[in-house]
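Subject: Structure handover

Hi there,

Here is the structure I promised to pass on to you. Please have a look, and my notes follow underneath.

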Amino acid sequence: MTSCLHAAAGCLLSIVPTSSIVLATSGYTPCPPLMELPCDGSASGGSSGPGTLCSCGTGQWIRTEPTARLEPPQPIAEDRKLHESLVSWNSSTRATAQPEMAMASVSVRGRSNFWAAGSFARSSSANYVSSRRELWSGGFPACPRLLSLAATGGATLHISASAAARRGCSAFASSATAGMCSSLGAANASLDGLTIAGSVGFNESTDDFEIVGNFGPLVDVFTESLEGSLSASASWSTEGQGSHSGSASVTVRPDRLYCAFTNRPYVARATGLAVAGGAGSVDQNGSVSWSSMAFINLSVQ
């Protein structure tokens, strides 16, 4: 990369990756409309190689960041107590969205009193859509600059469910994330939909707990742009234990990069969605609880 910068020193008075005024020079071949000298030293996008000097127009690179779309626009933190007949429920709901991060969580506890039966469901979600761009303003051809972009971030999920050994007691929890970030070259990553879910319920006919969902051991996850682990899906019956939890975590692979001495403009986009939810039922003076959390923060830096 150093050799590329030295070769271009005769035609550029200033080279920085952010917006700055770059003056043109004369006496050299004009820079190609799309000049790209990757950081590995190879050249593409035109006839200019590392040893070729070129002249560019007078102008500057301008970076803009439109206002991100966030839902919810302000963080939500809600704690509620609900009494339905002789059944009591306590719930805690959280949701927050920032230009490059979304998080949602739900936590619920329920109890049957005087042998009453009841059910309850709660969910939470958050999402973001953001972008930025860098465009040349001035005379063409645009002046090359050193540009380095990297896809970063990842996602984390967690669920837990617990039920008492009483007829009619069961709990279900789920969490999910989806998103993407994109820019030039390999500076992109996508999460098509990462979901974990599980339920715990007492089976009065067998006096066992029925467990179904992502409560198994951690297994590796690999995609083109992400790597991580998640709790395997499984189902089984057990005695005397009605509480289980599962998780998932992925991060962007370290090779999702773009680096070049280039006059290409770029747009960096990022979206993310986090959803958490669950439901439960109680009876026979029993109790249940469940919680779920989803977090995502994909972006291009």
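Over how many bridges do β11 and strand β20 pair, and in which sense? They pair in the antiparallel sense, over 6 bridges. Before I go on, please keep in mind that this is a predicted model, in which local features need pLDDT of at least 70 and side-chain atom pairs count only at pLDDT 80 or more, while totals for chains, interfaces and linings use all residues. Residues are numbered from 1 along each chain as its sequence is written, and side-chain values use heavy atoms, with hydrogens and water left out.

**The two sheets**

Strands here are DSSP runs of E with at least two residues, numbered from the N terminus, and two of them pair if DSSP finds at least two bridges between them. One open sheet has 4 strands in the order β3-β20-β11-β23, with antiparallel pairing. Its edge strands, each pairing on one side only, are β3 (36–38) and β23 (299–300). Within this sheet, R145 has T262 in β20 as its bridge partner. On the β23 side, 2 bridges join β11 (residues 145–152) to β23, and A151 is the bridge partner of V300 there.

The other open sheet I noted has 8 strands, in the order β7-β8-β9-β22-β12-β19-β17-β16, and the pairing is again antiparallel. β7 (76–84) and β16 (218–222) are the edge strands. From one strand to the next, the twist averages 5 degrees (axes are lines fitted to C-alpha atoms, and angles run from 0 to 180 degrees between N-to-C directions). β17 (residues 226–231) and β19 (residues 243–252) pair over 5 bridges, and L230 stands opposite A248 in β19.

**Rings and cores**

There are 4 aromatic pairs in the structure (Phe, Tyr and Trp rings, the six-membered one for Trp, with centres within 6.5 Å; planes under 30 degrees apart count as stacked, over 60 as edge-to-face and the rest as tilted). W89 and F120 make a stacked pair, 5.2 Å centre to centre and with 20 degrees between the planes. This pair links distant parts of the chain, with W89 in β8 (residues 87–98) and F120 in β10 (residues 118–138), 31 residues apart. W89 is buried at 2% relative accessibility, and F120 is buried at 10% (buried means under 20% relative accessible area, exposed over 50%, partly exposed in between, with a 1.4 Å probe and protein chains only). Together with W290, these two residues form one aromatic cluster.

W89 and W290 appear again in the largest nonpolar core, which has 55 residues; they are among those that touch the most other members, as is L149. (Such a core is a set of buried Ala, Val, Leu, Ile, Met, Phe, Trp, Tyr and Cys residues joined through side-chain atoms within 4.5 Å.) Another core, of 10 residues, lies apart from it and includes C31, C56, W61 and A142. R145 lies over the face of W61, 3.6 Å from the ring centre (the criterion is NZ of Lys or CZ of Arg within 6 Å of the ring centre and within 35 degrees of the ring normal).

**Backbone spots to check**

Most residues other than glycine have a negative phi, and most peptide bonds are trans. The bond from E71 to P72 is cis, with omega near 5 degrees, and so is the one from F140 to P141. P141 sits in the loop between β10 and β11. D207 has a positive phi near 60 degrees and is exposed, with a relative accessible area of 51%. N285 also has a positive phi, of about 60 degrees, but is partly exposed at 26%.

Best wishes
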